[in-house]
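Reader: I should like to go through the assignments in this structure and hear the grounds for each. Please set every value against the criterion that applies.

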Amino acid sequence: MSVIDNLFPNNYECKIAILGLGYVGLPLAIEFSRNGKCLITGKKLNRKVIAFDINNKRIKDLKNGFDYTKQFSNNELKHNTNLEFTSDDKSLSEADVFIITVPTPVNEFNIPDLTALKSASIIVAKAILNRFNKVKPIIIYESTVYPGATEEVCVPILSKYSNLIFNQDFFCGFSPERINPGDQDHVLKTIVKLTSGSSKEASEWIDIFYASIITAGTFKVDCIKIAETAKIIENTQRDINIALMNELSIICKLLNIDTLDVIEAASTKWNFLSFKPGLVGGHCIGVDPYYLTYKAKQLGYNPLIVSSGRKINDEVAPRLVDNIILQMVKKSLIKNFTKILILGITFKADCPDIRNSKVFDIIKGFSNYPFKIKVVDPYITKEMSESFEFEFSNKISFDESYEVMMLLVDHKEFKDLKPNDWAKLIIKEGIIFDLKGIVPRELGPMRI
């Protein structure tokens with residue numbers, strides 16, 4: 001029997017609590033509860049999962065077999081005897097392993113908002129209160145944070161509310177989520193999992209824990225701070241590359257050439273990275289760089305490239321609105337109740353997530369004008385649309401044509417439209433704006 005077998009819960013038969021059941025937490029709950037054989041040792045897995053969320057409706061929906069993220073079927077949710085959905089935090093006291101996957105957004109000033117993370121840490125701390133028994137609980141954070149936050153913010157909370165000593169009575173780890181909403185190829189099991197722990201033994205235990213279910217394997221790093229920083233830079237790199245293409249689009253407009261044509265031509269070189277310009281929203285790429293700049297400034301350094309990339313990407317929405325308004329003026333389309341059709345409102349294609357979607361910024365930009373706006377998105381539920389202050393539909397109606405049409409999200413349903421379908425949606429002298437390059441070129445769409 002190894003040191004970690006003596007110190008920590010039985011890796012193959014532990015009871016796991018997962019806090020937060022969104023795009024990250026729910027796949028973890030499902031995979032850890034499947035209980036086949038460990039992919040590393042071949043040992044039989046017999047784990048129980050407590051899937052916790054403070055959203056009572058979310059828990060009720062999951063118990064009834066409904067997942068609004070469309071990741072799992074009714075059968076996968078309702079007929080799993082190893083999985084318990086609950087909003088009762090008292091049930092968490094039965095667990096010895098805790099995985100925290102709550103949102104970590106930024107506030108209106110782009111400062112990291114760790115409110116949910118702190119609350120989840122308090123809940124876990126109370127679940128392990130005065131637990132001085134032989135088996136040491138392990139708390140693993142997957143929520144994106146700035147480098148150092150796990151040990152500087154979360155660990156003190158765990159110690160304070162549990163009366164336990166860090167790295168003696170309980171241990172921590174950080175294994176950043178890499179879920180890509182709407183992507184059916186890159187899912188939890190097929191993405192390499194970064195792992196880390198607060199001690200050598202904890203790190204080893206956590207790596208085996210994840211390796212038991214991750215087909216793509218794991219990559220263990222030396223400390224929690226490395227894993228935290230790796231997560232931040234993954235998305236910051238994408239943000240900067242997209243910012244470069246957004247800046248290119250400004251230059252191309254001045255040159256009177258098409259940005260997407262330029263990128264297509266440059267992509268014929270083997271080592272060109274084919275990033276596209278566009279709106280950068282969502283809960284990762286549009287947020288994570290602010291976590292890096294926040295920590296860097298705390299340390300006395302102003303990260304120029306990261307900050308510039310964020311500024312460029314945040315200015316895309318108002319720039320698009322200005323360009324559309326300018327074209328409307330040229331075509332005398334500024335009038336009361338000018339009809340504008342916007343296709344897509346989620347932050348990315350083929351997923352129902354509207355968090356930090358920059359399409360809302362575009363709609364807000366038009367709010368100063370007497371326009372009639374209609375938004376169509378097949379991934380938005382009726383409940384989600386109830387708060388919208390504009391006309392909304394799940395399906396395109398070809399019975400009405402518009403002065404302006406903007407394709408902003410390349411959902412599969414939009415990609416499947418025929419040339420004649422697009423033509424039906426716009427009046428003869430109308431304006432078509434195609435952010436994604438899927439509207440037939442013969443219709444003369446504006447492109448970024």
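Author: This is a predicted model. A starting point is Ser-332, which is placed in the loop between α12 and β9.

Reader: Why is Ser-332 called exposed?

Author: The term exposed requires a relative accessible area over 50%. Ser-332 has 62% relative accessibility, and therefore counts as exposed.

Reader: What makes the phi of Ser-332 worth noting?

Author: Phi of Ser-332 is near 55°, a positive value in a residue other than glycine. Most residues other than glycine have a negative phi. Lys-70 is another residue with a positive phi, near 60°; Lys-70 lies in the loop between α3 (56-63) and α4 (74-78).

Reader: How do you know that β9 is mostly covered?

Author: A residue is buried if its relative accessible area is under 20%. In β9, 5 of the 6 residues are buried. For β10, 5 of the 6 residues are buried as well, so β10 is largely enclosed by the rest of the structure.

Reader: What makes β9 and β10 a pair?

Author: Pairing requires at least two bridges between the strands. β9 and β10 are joined by 6 bridges and run parallel, and so they satisfy the criterion. Among the facing residues, Thr-338 stands opposite Phe-371 in β10, and Lys-339 stands opposite Lys-372 in β10.

Reader: How do you know that β12 and β13 pair?

Author: The requirement is again at least two bridges. Strand β12 (residues 402-407) and strand β13 (residues 426-434) have 5 bridges in the parallel sense, and therefore they count as paired. One of the positions concerned is Leu-407, whose bridge partner in β13 is Asp-434.

Reader: Why are β11 and β14 said to stand at the edges of the sheet?

Author: The open sheet has 6 strands in the order β11-β10-β9-β12-β13-β14, with parallel pairing. β11 (391-393) and β14 (446-447) each have a single partner strand, so one side of each is left without a neighbour in the sheet.

Reader: Which helices lie across strands of this sheet?

Author: Helix α12 (residues 316-330) lies across β9 (338-343), β10 (371-376), β12, β13 and β14, at about 160° to β13. Helix α13 (residues 359-366) lies across β9, β10 and β12, at about 165° to β10.

Reader: What is the geometry of the crossing between α5 and α6?

Author: The axes of helix α5 (residues 115-127) and helix α6 (residues 149-162) come within 8 Å and cross at roughly 35°. The crossing of α5 past α6 is right-handed. Residues in the contact include Leu-117, Ile-122 and Val-124 of α5, and Val-153, Ile-157 and Leu-158 of α6. By class, the contact has 9 nonpolar, 2 polar and 2 charged residues.

Reader: How do you know that Cys-223 is in no disulfide?

Author: A disulfide requires cysteine sulfur atoms within 2.5 Å. The structure holds 0 disulfides. For Cys-223, the nearest cysteine sulfur, that of Cys-172, is 14 Å away, and so the criterion is not met.

Reader: Why is Cys-223 called partly exposed, and why is Cys-252 called buried?

Author: Buried means under 20% relative accessible area and exposed means over 50%, with partly exposed in between. Cys-223, at 30% relative accessibility, therefore counts as partly exposed. Cys-252 has a relative accessible area of 2%, and so is buried.

Technical notes
Residues are numbered from 1 along each chain as its sequence is written. This is a predicted model: local features need pLDDT of at least 70, side-chain atom pairs count only at pLDDT 80 or more; totals for chains, interfaces and linings use all residues. Side-chain values use heavy atoms; hydrogens and water are left out. Buried means under 20% relative accessible area, exposed over 50%, partly exposed in between (1.4 Å probe, protein chains only). Helices (H or I, at least four residues) and strands (E, at least two) are DSSP runs, numbered from the N terminus. Contact means heavy atoms within 4.5 Å. Axes are lines fitted to C-alpha atoms, for helices over the stretch in contact, and angles run from 0 to 180 degrees between N-to-C directions. A crossing is left-handed if the near helix is turned anticlockwise from the far one by less than a right angle, and right-handed if clockwise. Ala, Val, Leu, Ile, Met, Phe, Trp, Tyr, Cys and Pro count as nonpolar, Asp, Glu, Lys and Arg as charged, and the others, Gly among them, as polar.
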